[in-house]
Amino acid sequence: MTSSDHYPDFEYTAGQLAKFLAASEFFTIMLKNGDIIHFFPKDVASFLKWLEKNNITNMRSEKDWVLNKDT
């Protein structure tokens, strides 16, 4: 059984995560301490649901997450 703070085969707790960026099966995650980690979950949809359930910010949903080089 998995607690809401832990995800199987993932060494960090939800409380340690600040935000994430997903690209296909590859997740780039910023920890609250500023470190950047990468994770390839076995079940992408389940991991994404876990992140959302724990209110981890999806960087793609942030305003101006992509900077336009022309501005």
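Two strands are said to pair if DSSP finds at least two bridges between them, and that idea is the starting point for this tour of a predicted model.

**The strands.** Begin by selecting strands S1 and S2, which run antiparallel and are joined by six bridges. While S1 is still highlighted, pick out Leu17, and you will find that it stands opposite Leu31 in S2. Then move to the hairpin that these strands form, where two residues lie between the strands and Ser24 takes a positive phi near 60°.

Next, add strand S3 to the selection; S2 and S3 also run antiparallel, with four bridges joining them. Select Met30 and look across to Ile36, its bridge partner in S3. S2 and S3 form a hairpin as well, with four residues between them, and in its turn Gly34 has a positive phi of about 95°.

**A stop at Ala18.** Return to S1 and select Ala18, which lies in that strand. Is Ala18 buried, partly exposed or exposed? Its relative accessible area is 26%, and because partly exposed covers the range between under 20% and over 50%, Ala18 counts as partly exposed. Leaving aside residues up to four places away in sequence, Ala18 touches Met30, Leu31, Lys32, Ile56 and Thr57.

**The helix.** Now select helix H1, beginning at its start, where a side-chain oxygen of Asp43 reaches to within 3.3 Å of the backbone nitrogen of Ala45. Which residues of H1 are buried? They are Phe47, Trp50 and Leu51; seen down the axis of H1, these buried residues fall within an arc of 100°, so they line one face of the helix. It helps to recall that an α-helix has 3.6 residues a turn, so residues three or four places apart point the same way. Turn the view to the face of H1 directed away from its buried side, and you will meet the exposed residues Ala45, Lys49 and Lys53. Just after H1, Asn55 takes a positive phi of about 55°.

**The core.** Finally, show S1, S2 and S3 together with H1, since these strands are included in what covers the buried residues of the helix. The largest nonpolar core has 15 residues, and those with the most contacts inside it are Phe10, Leu17, Ile29, Phe47, Trp50 and Leu51. The elements that give two or more residues to this core are S1 (17-23), S2 (26-31), S3 (36-39) and H1 (44-53). End on Phe47, which, not counting residues up to four places away in sequence, touches Tyr7, Phe10, Phe27, Ile29, Phe39 and Pro41.

Definitions and conventions: Residues numbered from 1 in each chain as written. Predicted model: local features only at pLDDT ≥ 70, side-chain atom pairs only at ≥ 80, totals over all residues. Heavy atoms only, no water. Core = buried A, V, L, I, M, F, W, Y, C linked by side-chain atoms within 4.5 Å. Buried < 20%, exposed > 50% of the residue type's maximum accessible area, 1.4 Å probe, protein only. Contact = heavy atoms within 4.5 Å. Arc of directions from axis to C-beta. Polar contact = N/O pair within 3.5 Å; in protein donor to acceptor, adjacent residues only side chain to side chain.
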